[in-house]
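Let's take a friendly walk through this protein–DNA model. Please have the sequence and the 3D view open side by side.

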2 protein chains.
Amino acid sequence: MKDQFKKHISRYVEFNDTEINEIFSKLTQKTFKKKDYLLKEGQICKSNYFLTSGLVRSFYLDHKGNEKITQFALENWWVTNMESYIKSVPSYSSIQAIEKTTVLIIDKIELEKLFRTIPKLERYFRMITENMLIAIQRRNDIYLQMKSKDRYDDLIHNFPVFAQRVPQYMIASYLEITPEYLSELRKK
Amino acid sequence: MKDQFKKHISRYVEFNDTEINEIFSKLTQKTFKKKDYLLKEGQICKSNYFLTSGLVRSFYLDHKGNEKITQFALENWWVTNMESYIKSVPSYSSIQAIEKTTVLIIDKIELEKLFRTIPKLERYFRMITENMLIAIQRRNDIYLQMKSKDRYDDLIHNFPVFAQRVPQYMIASYLEITPEYLSELRKK
DNA sequence: CTTAATGATTAAGGTATCTTAAGAAATAAG
DNA sequence: CTTATTTCTTAAGATACCTTAATCATTAAG
């Protein structure tokens, strides 16, 4: 667990063992069952979650009460509701386990203390945030112009694991189409 | 100019005059005429731009050769192509002045040096990046589900300045609809 | 002032995608 | 094994949005 975490961090910034241990001492491990919530709509998100195993989704309810999935996250991904976490406002979305999922939790207050004692950690999170921004920008820019069929093909090409581990109707939601129409598209 | 920049930075992190001066000494000022390019598709984006006045757009060409606008930026906004800047890969989008625009330019290499000598600056950029992420996530999450009419209303409500300073067909492009259809919508 | 270039509107017909509703198919639970 | 629950498919009619093409309005250029 610690190794997995260290390995991931080391892809961005090098820490010595003392630093890793200090960081690690602030982490809490927790396991969620399928359908359990890491974060519920309306709560203030006070933590950042590092998945060591499993699969989660972020979603919110639109004005008609339909669930809109905005993100999936897998092993070695960080997940949080950025807006709620940064601004300490109630989250408009929920984070829910699609499979049994184990996470390392870092509290915002603890993390900010760590930033003071280990400035390199701030670098790591800046880089992580930049990468999230790039990914989300790509989704934004590219997906918006694509036809649904192309978005679906793109998704299962780049993340075949989703097609295997996520029910179709959730993929439809993520692609912003109805399950019925996705079913149509898959026939082609 | 320096005051404007200092004022903006101070909203996030406090710097003393020595620090501000060191940062400021690495900035280059430049003015672009209307339709000039800050960055052209295919180039590697090596700088981050802080607008002190004016208005720019980011756009790319889709497979049919149509311009797709993905972002506007105004006074006191940072703009860059994040993917190209971070990964040093050719940019798939261009940044172009819609009005005469003046910017402060910080070179990536200089900025990274500054991060070492002034760690607080890294905090500032982490926070800026987080805010960009929040903004773009909101656009992503909310806009995707909205009907075009609602997106348009939302835009001119939250950024009335765009309706004044940006031609309608560019707003249509940003909203991912045709100018013809936007014209339809406005009649209602 | 006149012409050229740019931006905005209108209308007709077409296509992508949604809605609703019903019924298979697959998986989980008793 | 049987029933209940969850997930996937099919089909018909409705609607949001696009395409093309023409006309009008505004701003920039000679």
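A polar contact here is a pair of N or O atoms within 3.5 Å; within protein, one must be able to donate a hydrogen and the other to accept it, and residues adjacent in sequence count only if both atoms are side-chain atoms. The model is predicted, so local features need pLDDT of at least 70 and side-chain atom pairs pLDDT 80 or more, while totals for chains, interfaces and linings use all residues. Residues are numbered from 1 along each chain as written, chains are lettered from A and ligands numbered from 1 in the order written, and side-chain values use heavy atoms without hydrogens or water.

Here are polar contacts to phosphate oxygens of DNA strand C:

| Residue | Protein atom | Distance |
|---|---|---|
| A:Thr178 | backbone N or O | 3.3 Å |
| A:Tyr181 | polar side-chain atom | 2.9 Å |
| B:Gln168 | polar backbone atom | 3.0 Å |

In total, 14 residues surround strand C (a heavy atom within 4 Å), and A:Lys64, A:Ser148, A:Tyr181, B:Tyr169 and B:Lys187 are the closest. Of the DNA strand C atoms within 4 Å of the protein, 78% belong to sugar and phosphate. H9(B) gives the most to this surface, four residues.

Now for the interior. The largest nonpolar core (buried Ala, Val, Leu, Ile, Met, Phe, Trp, Tyr and Cys joined through side-chain atoms within 4.5 Å; buried means under 20% relative accessible area, with a 1.4 Å probe and protein chains only) has 43 residues, and B:Phe5, B:Trp78 and B:Tyr124 are among those touching the most other members. A separate second core has 34 residues, including A:Ile9 and A:Tyr124.

Definitions and conventions. Buried < 20%, exposed > 50% of the residue type's maximum accessible area, 1.4 Å probe, protein only. Helix = DSSP H or I, 4+ residues; strand = E, 2+ residues; numbered from the N terminus.
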